[in-house]
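Me: Could you take a close look at the sheet in this one for me, and at what sits against it? I'd like one connected walk-through.

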Amino acid sequence: MNKEIIKVHDLTKKYLINLQKNGIRQRIENLFWPQTKELTAVNSISFSIDEGESVGFIGQNGAGKTTTIKMLTGTLYPTSGYCRVSGFNPADQSNDFKKSIAVVMGNRSQIFPDLTPRDYLKLLKVIYEVNDTVFEDTCSKVARMLNIEDKLDVQTRKLSLGERMKMEFLAGVVIQPKILFLDEPTIGLDVLSKKDIRNFLIELNKQENITIFLTSHDMEDIITVCHRLLIMNKGNLIWNGSTQKLKNKFKEVKYISFTKASAFNRKKIVYEIVEETDTNVTIKVPNNKLEMAIATLSNEKQGLDYKINELKIEDIIIELFKEEKNNED
């Protein structure tokens, strides 16, 4: 049985923001008598992650993902509640804590552009006090897994975006972390580079038992790499469970897409319209009413070229957000 490596309990982060006013007089007043408003970025969330799990952390922009990751990696202190990562309080920023985690961000490079990747990796080896044999074995193994063995001695600025990103992963893994935090790791990469990185993460998780905490807007990253999902919405954790369980939650419905007929009348559509353009419509229909729905639409001359589609993971997450909004209302 794997041990708990991340523990989050009632974690909350609030910010005070200044309310800006228009006009010179109002701005002068704001300098001396500022008006503030409290914003809750993360609202009392709780979850735990076991060693060796691969977890996707997703949500819309402004959902609280980045704030949560910053608290888990020690760059932000929570307003209330607590988190423990590898047994440490991240905010203490102890050396042992720093050695237990690695952070790879798709939009931010840590490798110095004028150095070769090998030179930078050797610098990390000294900083993190990695054993010589372990360092060489890890470099060789991971470089082979990522297909970058022949790029280690090329100046970093001369590498392609995909190659640089792979070097970021190598830099993250070579320090022997217990947890790998990933923020949009495949952003801007080509299809082949994305595939290589996803396969690498799967193998890394399987072979080394490294815990992966992945946030991405690319659902293919999430669905390929992660067995479990944490979904945030407006600072709240609205889903904590397996990817398959989330799929099963909406397995009783499908989408029907069709081309609008000349006699199309929106008022005659009795099912929920998921998407509509000038020429096409997609509706959500229970599985046991698919044939009846298509027959009715055909008889009423509402559409042409009917297609039944399974819900993709993106569709499922949107449905989850809709359900959460309906519960709030």
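Reply: Start with Ile231: its bridge partner is Trp239 in β9. That pair belongs to a longer run, since β8 (residues 228-233) and β9 are antiparallel and joined by six bridges. Bear in mind that this is a predicted model.

Now step back to the whole sheet. Six strands make it up, and going across you meet β5-β6-β7-β3-β8-β9. The sheet is open, with mixed pairing. At the edges sit β5 (101-105) and β9 (236-242), each of them pairing on one side only. From one strand to the next, the twist averages 15°.

As for what lies against the sheet, helix α2 (residues 65-72) packs on it and touches β3 (54-59), β6 (179-183), β7 (211-215) and β8. The direction of α2 makes about 140° with that of β3. Helix α6 (residues 161-174) packs on the sheet too, touching β5 and β6, and its direction makes about 170° with that of β5.

While you're looking at helices, there's also a helix pair to check out. The axes of α5 (residues 132-145) and α7 (residues 191-208) come within 10 Å and cross at roughly 140°, which makes α5 oblique to α7. The crossing is right-handed. On the α5 side, the contact uses Lys141, Val142 and Met145, while α7 brings Phe200, Glu203, Leu204, Gln207 and Glu208. Sorted by type, the residues of that contact come out as four nonpolar, three charged and one polar.

Conventions. Residues numbered from 1 in each chain as written. Predicted model: local features only at pLDDT ≥ 70, side-chain atom pairs only at ≥ 80, totals over all residues. Heavy atoms only, no water. Pairing = 2+ DSSP bridges. Helix = DSSP H or I, 4+ residues; strand = E, 2+ residues; numbered from the N terminus. Axes fitted to C-alpha atoms, helices over the stretch in contact; angles between N-to-C directions. Contact = heavy atoms within 4.5 Å. Parallel < 35°, antiparallel > 145°, perpendicular 65-115°, else oblique. Left-handed = near helix turned anticlockwise from the far one by under 90°. Nonpolar A, V, L, I, M, F, W, Y, C, P; charged D, E, K, R; others polar.
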